[in-house]
Amino acid sequence: MTEPDVNGDEGRVVLDDADIARALTRISHEILERNKGAENLVLLGLHTRGVPLARRIAAGIAEVEGTPVPTGSLDVTMYRDDLRSHPTRAPHKTEIPAGGIDGRIVVLVDDVLYSGRTIRAALDAISDLGRPSAVRLAVLVDRGHRELPIRADHVGKNLPTARSEKVRVRLAETDGADAVTITGGTE
Amino acid sequence: MKKHLLSIDDVTADDIAALFETAAEMHDVQRREVKKLPALRGRTIINLFFEDSTRTRSSFEIAGKWLSADVINLSAKGSSTSKGESLRDTVLTVTAMGIDGLVMRHSASGAAHQVAQWLDVPVINAGDGMHEHPTQALLDAYTLTRHLGTLEGKHVAIIGDLTHSRVFRSNIKSLAKLGARVTVVAPPTLMPSGVGPWSARAGFATSYDLDGVLAGEYGPVDAVMMLRVQKERMSGGYFPTAREYTVGYGLTRGRLAMLQPGTPILHPGPMNRGLEISPDAADAADSLILDQVSAGVAVRMAVLYHLLAGEETGA
Amino acid sequence: MSSLLIKGASLLGTTTADVLVEDGVIGFVGRAASASERVETAETVVDADGLVLLPGLVDLHTHLREPGREDAETVRTGSEAAAAGGYTSVLAMANTNPVTDTAEAAERVLDLGRAAGIVDVQPVGAVTKALEGQELAELGLMARSRAKVRVFSDDGKCVADARVMRRALEYVKAFGGVISQHSQDPSLAPHAACCHEGPISGELGLPGWPGVAEEVIVARDVMLARHTGSRVHVAHVSTAGSVEVVRWAKAQGIDVTAEVTPHHLLLTTDLLRGYDPTFKVNPPLRPQEDVEALRTALADGTIDAVATDHAPHARHDKEHAFVDAAFGMLGLETALSVVATVMGEQMDWSRIADVMSVNPARIAGLDGHGRAIAEGQPANLALIDPSASYVVDRNASLSLSRNNPWHGRTVTGRVVGTWLRGQRTFG
């Protein structure tokens, strides 16, 4: 989950557009390697930036294997454990590809892995939607500080951060350009 | 969004749009095998119905349960005056058990407004006398939006016993907020008192002539909403016989043929088949009456979610 | 002998004079210099400089709730509220429990009033047995009783049957009685009706109470009064149409009198938005056009009297949905202030005394009240500070109930003292 930058501070770039492209290519290959092909895969992007990332990874896989990979989106708003501490948020669309997720290998795609709570919510959402044969996780950035026993199977970049720092992911589809920046710092 | 939903006055056009987006997501839940979202887990909602209603109550019950809330149905029969207990005492006794939300239906107009002043928890008006039924109007508008797209500039005809209809009073407001134009049709005895100045102020048209309206005298009609007529009104002398009402104001087969194909037909239910709506019209391809029922659950889920899931924002 | 000197008051807002009261009777009215040592040795002296002295007010229409609903009001607490409002006599309506429809019941209320000793409580007798509107109650026995009932009313309900009303009008001629009619045709405005029928009732979804339901009864009753050669009194007139009928009837020489409540002189239907049962009353609050017509009629004498229709209710009887809540508002303590504030420009104190004391006493046949402030008259007096403004606080009321529609309003004209036959009952 990407945190918005309150101060408008640009911060320092830790991944530029070329780095991001390479990372996503590598993730596409890793997924294929782990799965021994594209069979039975379903990619589900978590709103908001996980969705375009999932599409890019799907495109990458299709380029290598020549077969399209079913891709969709998953909204976890209703499953969050912090609903009562914020004003009500409207949910986004959950679009499960035709063919569903029963018996499939579902790969969740998100931009930043942090406390792990979003993924925990996603796992609960998935269990209400069907019964995959396996669920894996691909993230662009892992910034540490897990609060739950959750780990990613495929990581674009490991980014050790301080809690006071903010990680910001920008993508062409949502923000006009690709970049991962860190702002803030020790206080 | 405001703390309570007592009247359509409590939601802005933006609130309605947000509710419809959420409702669309909730609608998908109805088709899943596991019809549950955990958003209201651990919340307790009481359906306090002073007036019987199987359909609205079960719609709210399903909506709450699909959001994982604990829903309890209570009927308080008759007006509390007959038992000597004030309405305030009745409501405070029920809520003293520690609840998170109250859904209330009462036969007296304004009851929900009064109750909301006595309670800390959000109150949702499931129908107060002849005054308003906001979730019904929301699901009516949601159903129409799914079929017609935006309601901006669309012309909706509402026909029936307007005097006694809370569905009419809420719909007049919600359709106006969504930019639709409304013409209401009823015999003179069933037009609300003071409708002349009221309609001039609120911007809706009135007519005693259903055939004229359907023929386009007030512009082409994009949707038709039939209201239930209670047969008891005959003994009140509002109209002489059921037969005469149907000929003048029913959606007969002949009037059905006057509608353009694709014109949605709505009815809040329960229907008096043969009185205000012919079987042909009720079962016509363009009848959205069953859609309204499934929309009702989705819209009520959206309302419960928006009012009860997040932190309290007051108002 | 006990003596009281009220110094320097403006009598009915005109002449300034001193008033000496001895043993409950006015002994002297004039300037002190021309008086004797009686004035100098008065036991109690009240400095009334800048204040207005009126004859004690008389309320033709009060609900004291005892017997039956002593949780809402008793004869004693109602009397205290009345005295605080400048009243020295109130007519207690018959819709108690049990109903005041026998001589014994009337005497019981009379005795409760005398025991409290604060105002003269004059019982009103029911027109029909148990207020059912079917058979005449024992009007004659009530008239002959110690209570000397002269005013009869089924108030709360209308004597709707024309034949019963005719009989009642005829019957009371024998003893100079008068029927006070709560005009509400039940087939046009049934019990559930609670909001003036019009755009507001249409929008709020409240059962409408059309003005015509009152007007058809007023019209019918003045014709019956003419036909029977009797007199009739219209309780709480609330519409311009009723005013027109009364004006016409008086022009015809028909013996009709009429009263209006303070709330119908100011409060309007739009107060019902928000569904607050504090504003639920019968007849209901009407639109501004009716309010204007009532004010004009009070000023020009078409309406003879202001009557409070003081209707106390226990809190739980109002804590209901609007349609289910009890009808009625408090009025005794605020009546004079409201009338002075609303009608002050059209009516001077002398006219206000007419409508709140002289005329009601005459209509009710109360000899000891509504008298001129002159030697030999019983000392039933109310002392007013005409320029005192205050904010009405419902919690400061002497009534047991709190259903007060004036809470938070600023009014001008305040009762500072009330005397019943020379005894100070307030202030």
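Start with chain C of this predicted model, and select its two domains in separate colours, since the C-alpha centres of domain 1 of chain C and domain 2 of chain C lie 27 Å apart. To make the selection, take residues 3-52 together with 377-426 for domain 1 of chain C, and residues 56-364 for domain 2 of chain C.

Next, turn to the place where these two domains meet, where 28 residues from domain 1 of chain C and 39 residues from domain 2 of chain C take part in the contact. On the side that belongs to domain 1 of chain C, the elements that give two or more residues are strand 16 (381-391), strand 17 (410-420) and strand 18 (423-426) of chain C. Select strand 17 of chain C by itself, for this strand gives the most to that side of domain 1, with seven residues. If you then colour the side of domain 1 of chain C that touches domain 2 of chain C by residue class, you will find 14 nonpolar, 12 polar and two charged residues.

Now leave chain C and show chains A and B together, where 17 residues of chain B are in contact with 16 residues of chain A. On the side of chain B that touches chain A, the elements to select are helix 1 (13-29) and helix 13 (289-308) of chain B, each of which gives two or more residues. Helix 1 of chain B supplies the largest share of that side, namely five residues. Finally, colour the side of chain B that touches chain A by class, and you will see seven nonpolar, four polar and six charged residues there.

How values were computed: Residues numbered from 1 in each chain as written. Chains lettered and ligands numbered in written order. Predicted model: local features only at pLDDT ≥ 70, side-chain atom pairs only at ≥ 80, totals over all residues. Contact = placed C-beta atoms within 7 Å. Helix = DSSP H or I, 4+ residues; strand = E, 2+ residues; numbered from the N terminus. Nonpolar A, V, L, I, M, F, W, Y, C, P; charged D, E, K, R; others polar. Domains from an automatic or database assignment.
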